[in-house]
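Me: I've got this structure open and I'd like a close look at a single part rather than a tour of the whole thing. Could you take me through one sheet and what sits around it?

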Amino acid sequence: TLWETHPPAMKAAVDLHDKIIRRCYGEHSGYEITTEGDAFQLAFQHPIDALAFALKTQVELHKADWSPEMLALEDASEKDGFRGFRVRMGLHHGRTKSRVHVVTKRTFYVGEAVDIAKAMEGMCHGGQILTTVETWRAVSGISEQVLGSPQVMDCGEHELDIRQRNEKGPLSKRVVQLVPNELAFDYFAARGREEHPGSKHVRLKKESDVVGRKFAPLKTKKQVSASFVDAPYANGKVTIVFIYTKGTDDLPTEIRTKNLRILAKGVRSLLMQSNPPGYECQEENGSWMLAFGRIANAVSFGLRLVEAIDRAPLKGNIDRSKMFKIGIHTGPFTSMGPHTVTGRADYFGPVVNRAARVASQSELGQVIIGMPLRSGEIAC
């Protein structure tokens, strides 16, 4: 290690790291609770301050004046959007209790929120920022103005490796990854197909043509739901499914809301039963956009969803045979990457518009597959 071969260089690197951390948290109203080795535990007034600190610190660490001895190390070399120390950062916003340390006389915090933040850090790889979806939602509306539009990636729901357990069993949280925009890997430029106007030539985009930070799967105890990296993209093709829920429109608001929650749980359960699992791109008021790697899995999912309605514990006077309009279309996509707010996979290209059109033209209770014709029209 560098501590053994170049002790002065390593000490200088740690000092530089500490200086950057302290300067950045000072700029964002942070409070240093304690340090242990090269690890810092910090507190902030608001999650926007904590996230701004984390993003700014990653950029400053990347730009820092690291020694040649440090940059010669494999884990600190300049490549793929990394350079110098790769610092893990886990954040969570929640209720805590404050106490004063008997020796240092400094305030420290205890409670589930502290444990969750520590669990976030424990799942990180070097150079990665992880937080909970609740923390991200508290600031997502102002992220563009305050955080400089970082790349947001949904990492799925994970069972946390913490001692606290809620009454219903192990505690799990949906995890969100943030990367400073200038260091991020541009998935939209790396995935999909490029078509040249006036030519039949189509080129599959290559990830090797794009530079930026990508991370291995989280170091998790158990992943409960699919993440962005599970979204299908192989060979620049995807099967898109749109589901429009119409069978609850005339119900009282409270009953409709409960039914939509039941339906959402059913949709997500069926997605996970597919092999490989289907992917939920977006959901709003009972309408879903889903993605599958194989059209057969999408068709099977649609048929099983229609059948499952008969067993769902829905409330009110509803016609279960006319609950959904389901449209399916498969084909190449132009690009895909994480949505700027949700971090879920967002697809672009005619395949998305055609799947939505097929769903809108179907009858209630139908599962319709769109087939492209040479004219460019769609046969259902």
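Reply: What follows is a walk through one open sheet, then a few spots beyond it.

First, some ground rules: this is a predicted model, with local features needing pLDDT of at least 70 and side-chain atom pairs counting only at pLDDT 80 or more, while totals for chains, interfaces and linings use all residues. Residues are numbered from 1 along each chain as its sequence is written, and side-chain values use heavy atoms, with hydrogens and water left out.

For orientation, the protein has eleven helices and 20 strands; these are DSSP runs numbered from the N terminus, helices being H or I with at least four residues and strands being E with at least two. Of its 380 residues, 45% are buried. Buried here is under 20% relative accessible area, exposed is over 50%, and partly exposed is in between, with a 1.4 Å probe and protein chains only. The C-alpha atoms fill a box of roughly 70 × 55 × 35 Å along the principal axes.

Now the sheet. Five strands make it up, in the order β3-β6-β8-β7-β11, and the sheet is open with mixed pairing. β3 (89-91) and β11 (222-223) are at the edges with a single partner strand each, so one side of each has no neighbour in the sheet. For two strands to count as paired, DSSP has to find at least two bridges between them.

Start with β8, residues 172-179: seven of its eight residues are buried, so the rest of the structure largely encloses this strand. β6 (residues 129-132) runs antiparallel to β8 and is joined to it by four bridges. If you want a marker for that pairing, look at Leu 130, whose bridge partner in β8 is Gln 177. β7 also pairs with β8, again antiparallel, over seven bridges. There, Gln 151 is opposite Val 179 of β8. Moving on to the edge, β7 and β11 are antiparallel too, with two bridges between them, and His 158 faces Gln 223 of β11 across that pairing.

Staying in β7 (residues 151-159), have a look at Asp 154. Is this acidic side chain's residue buried or exposed? Asp 154 is buried, at a relative accessible area of 2%. A polar atom of its side chain lies 3.4 Å from the backbone nitrogen of Gly 156. That fits the cut-off for a polar contact, a pair of N or O atoms within 3.5 Å; within protein, one must be able to donate a hydrogen and the other to accept it, and residues adjacent in sequence count only if both atoms are side-chain atoms. Setting aside neighbours within four places in sequence, Asp 154 is in contact (heavy atoms within 4.5 Å) with several residues, among them Arg 174, Val 175, Phe 228, Tyr 279 and Arg 344.

Just ahead of β7 is the loop that follows α7 (143-146), and Ser 149 sits in it. Ser 149 has a positive phi of about 50° without being a glycine, and it is partly exposed at 32% relative accessible area. On the other side of β11, the loop leading to β12 holds Asn 235. Asn 235 also has a positive phi, about 60°, and is not a glycine either; at 55% relative accessibility, Asn 235 is exposed. Most residues other than glycine have a negative phi, and most peptide bonds are trans.

That brings up a peptide bond to check: Asn 275 and Pro 276 are joined by a cis one, with omega about 0°. Pro 276 is in the loop between α9 (253-273) and β13 (279-284).

In β13 itself you'll find Glu 280, which is buried at 9% relative accessible area. Its side chain makes a polar contact of 2.8 Å with that of Arg 268. Beyond residues up to four places away in sequence, Glu 280 touches Arg 268, Leu 271, Trp 288, Met 289, Leu 290 and Arg 344. Arg 344 should look familiar, being among the contacts of Asp 154 as well.

Last stop: Ile 243 in β12 (residues 237-245). Ile 243 is buried, with a relative accessible area of 0%. Its contacts, leaving out neighbours within four places in sequence, include Trp 288, Leu 290, Phe 301 and Phe 324. Trp 288 and Leu 290 are also on the list for Glu 280.
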